[in-house]
Amino acid sequence: MRRPLFVLTTALALTLPAYAAAQTTDAEGAQTSNQGTPADPQTDADTPTNPAASDIVVTARRREERLQDVPIAVTAISGDAIKQQQLVVVRDVAAYTPGLNINSDSVGRAFVSIRGIGTTLIDTVQPGVGIFIDGIYQPNTTYLNSPLVDVARVEVLRGPQGTLFGNNTLGGAINVVTRQPSNDWQGRIDGALASGDNYASVSGSISGPIVKDVLQFRIGAAYHIEDGFQRNLLAGGNQNPLETKSVNGTLRFVPASWARFTLNGSYDRVFGGATPYFNVGGPRDYTLDGRTNQRSLATIDYYAANLKGEFDVDSLKTTITAIGAYNQSNYSGAGDADYSPFDFFRSTSNRTLKTRTGELRFDTKWSDRFTTLIGAFYAKSDTDSRGTTTVVPAGLTVPATATAENENIALFGTGFLNLGDGLDLAVGLRYDHQRLSASTAGLPAAYKADQWQPRATLTKRWTPDFMTYVSVARGARGGGQNGPGAPNLIYRGDTVWTYEVGSKASAFDGRLTANVAAFYNDYKNFIGANALAPSTILNPATGQPVGFVAINLNSGNVKSYGAEAELSFNVNRLWRVYANATLLHARVTDASQFQATTGYAYPGDRILFVPDANYAVGTNLRLPFHKDQALVLDTNVVAKGSRTGASLDAASVPVLAPYHLVNASLTWQGGPLEVGVFATNLFDEKYLETYLDASLLRRAGLPAPLVSNLALQTPRRRIGLRGTVRF
């Protein structure tokens, strides 16, 4: 841990003294400040005024507010930063967000947590970090692998957010905000090509008025492909490729000054690896190529449509917002189920998930000092799954089916009170009723729960540029059902009490912003990594369990505490630095639930794949040289500390090595054009994000030749060209 901290503190020590050069004057003698470049994760060059970091507008509290005025630990990553840093899918934003940990072993799921809370590993478990697109809830971690197309920004809120956002915001919320239609004609095309694994992207959007001031539209589309570096030497072909195709469209209708309607539709197709593990010798084995009898691949088709209406009722000093949405994902995959060169197990999987959501909000100003935001939320998800497992030597294929219906009804409200003298109090409460009806292979199961989630925040604004806050909140996530033979057909939801103190400050006309927070989480009944447990189905001949079954379960209690910081500093008109860092201590303090369910001890005391430290440090320099032309140099280092891989043996918990990735780009800007070269993982660092040790396959009872450690190799160095044209 000392190495990442040393790099971060050294970088800050070198840049902070430069504030003496931060104030410059323009030709009129007025004070000016650098407004940033597209490479800065906190800056959006397409905004009309090209604001400094302190002027970024977010909707973290369902209202438009300056980022620096929101008493929540929130990170906003701009659409231009997403392009500049070659962030392709939603999960890629984790590299630039303190406390957010995402990695994925399949296009059909992602492992996500914030500050060690809300851990979600398997896609049948409800997300513990809420995922939203334009404020609309997405019910599954598969959406973290959705493409980032025509995005204005991504907001990441840390800590429970149930009183303001939708379902299952136990650890926090990720809100993808797409670009909205404009009243003026706008368009852009972006493209990128890189060496290493035939990496290529192209995207474009166009927006403008159909009827000036009344009806506007926006259409965006994108295509991305990469080979993924790994080759299957037995089955042939790329082992972990990624291909995305996307199109979305938005209509905005303003029939009157008091009414606004927004209609959005989108389609995404994501194709790539589906748990495409290779055998490895250990957590330091970075061999790219491997052998399985069949490549494990999947395709997911996403369909989405939503309609939002906003109505200003001046007589009641209220804005009413009504949202209706439909989402559907169709998953189809097949692969080698034993991950070995021996042709023993093969599997197929097909799943359809349909989700309908509705939300109604009333934002009311009762006086200059008191406002409220109250509302109701409804969601219903239907899942239909089918699959097969084939034992190749026996020529035996076993089918499996499962259906589930998950219904959630919630009421929520928050009151915002200005107490005077810069003191603000926000108090909110959410009530959730959740019901799960499900069956697996004809075996019925049912889960229902009622949860109360309060939140209170006290904010002191000492000056217009400096505030502190303290908050306490309770978060909750729904539970679920396991299949036949599980000792726990139902597992409960998990809950957390979060306590946080923080501060946000800006100086030098907003050129310097610094946000810090310290937090403590008391996490109960946490739904940790899935495990293997003795089956309750007995062999009639022996009276013994027929083997082990994979289950989701409540593992126990966790204490999580730490601190995080974000810095953005315009050193002068041309130079900016930015940094963030997290120190986290998340440990399982009571794993008795895990042992009672599985019959063996929880492996270690860590939460799977969660590091104790991570950071990012970057700088960009803009060098104008002729009229509106300039060269922009951007470099950054993204680092993650050591973390544990998956194991079911407490005596041999693997530890994954820390890593530091260096990224850089040099871009020429001239009017509407940008052309640049970029490098990701410039020094070709080798590291693992996902690793499963041999104890998993051994405990599952596989024959000895099939038992091995499993891993997915991460992207290596890419060097490429990128370009943008705006019109």
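## Cavities and a buried aspartate

The largest cavity in this structure has a volume of about 1,200 Å³. Before we look around inside, please keep in mind that the model is predicted. Its mean pLDDT is 87, and 91% of the residues reach 70 or more. Residues 1–54 need some care: the pLDDT there is below 50, and this stretch has 126 contacts in the model beyond near neighbours in sequence.

Now to the empty space. Counting cavities of 30 Å³ or more, the structure holds 17. The second largest has about 340 Å³ of space. Here are the two linings by residue class.

| Cavity | Nonpolar | Polar | Charged |
|---|---|---|---|
| Largest cavity | 20 residues | 18 residues | nine residues |
| Second largest cavity | 14 residues | nine residues | two residues |

What surrounds the largest cavity? Its lining is made of 47 residues, and those nearest the centre are Arg 91, Asp 92, Tyr 687, Pro 715 and Arg 718. Several strands supply at least two lining residues each: S6 (100–106), S15 (215–226), S36 (629–640), S39 (659–670), S41 (688–692) and S42 (709–713). Which of the strands gives the most to this lining? That is S6, with seven residues.

The second largest cavity is lined by 25 residues. Nearest its centre lie Ile 133, Thr 178, Asn 248, Ser 266 and Asp 268. At least two lining residues come from each of strands S10 (136–138), S12 (172–178), S16 (242–256), S17 (259–273) and S19.

Strand S19 also brings us to a residue worth a visit. Spanning residues 297–313, S19 contains Asp 301. Is Asp 301 buried or exposed? Its relative accessibility is 9%, so Asp 301 counts as buried, the cut-off for that class being under 20%.

Who keeps Asp 301 company? Leaving aside residues up to four places away in sequence, Asp 301 touches Tyr 267, Asp 268, Arg 269, Gln 328, Ser 329 and Asn 330. Among these, Asp 268 is also one of the residues nearest the centre of the second largest cavity. With Arg 269 there is a side-chain polar contact as well, joining that residue to Asp 301 at 2.7 Å.

To recap, the largest cavity takes its biggest contribution from S6, while S19 helps to line the second largest cavity and holds Asp 301, whose side chain makes a polar contact with that of Arg 269.

Notes:
Residues are numbered from 1 along each chain as its sequence is written. This is a predicted model: local features need pLDDT of at least 70, side-chain atom pairs count only at pLDDT 80 or more; totals for chains, interfaces and linings use all residues. Side-chain values use heavy atoms; hydrogens and water are left out. Helices (H or I, at least four residues) and strands (E, at least two) are DSSP runs, numbered from the N terminus. Buried means under 20% relative accessible area, exposed over 50%, partly exposed in between (1.4 Å probe, protein chains only). A polar contact is a pair of N or O atoms within 3.5 Å; within protein, one must be able to donate a hydrogen and the other to accept it, and residues adjacent in sequence count only if both atoms are side-chain atoms. Contact means heavy atoms within 4.5 Å. On a 1 Å grid over the protein atoms alone, a cavity is a set of points where a 1.4 Å probe fits but cannot get out, and a pocket is an open set with protein on both sides within 12 Å along at least five of seven lines; lining residues have an atom within 4 Å of a point. Grid points are joined across faces, edges and corners, and a volume is the space filled by probe spheres set on the points. Ala, Val, Leu, Ile, Met, Phe, Trp, Tyr, Cys and Pro count as nonpolar, Asp, Glu, Lys and Arg as charged, and the others, Gly among them, as polar. pLDDT is the predictor's confidence in each residue, from 0 to 100.
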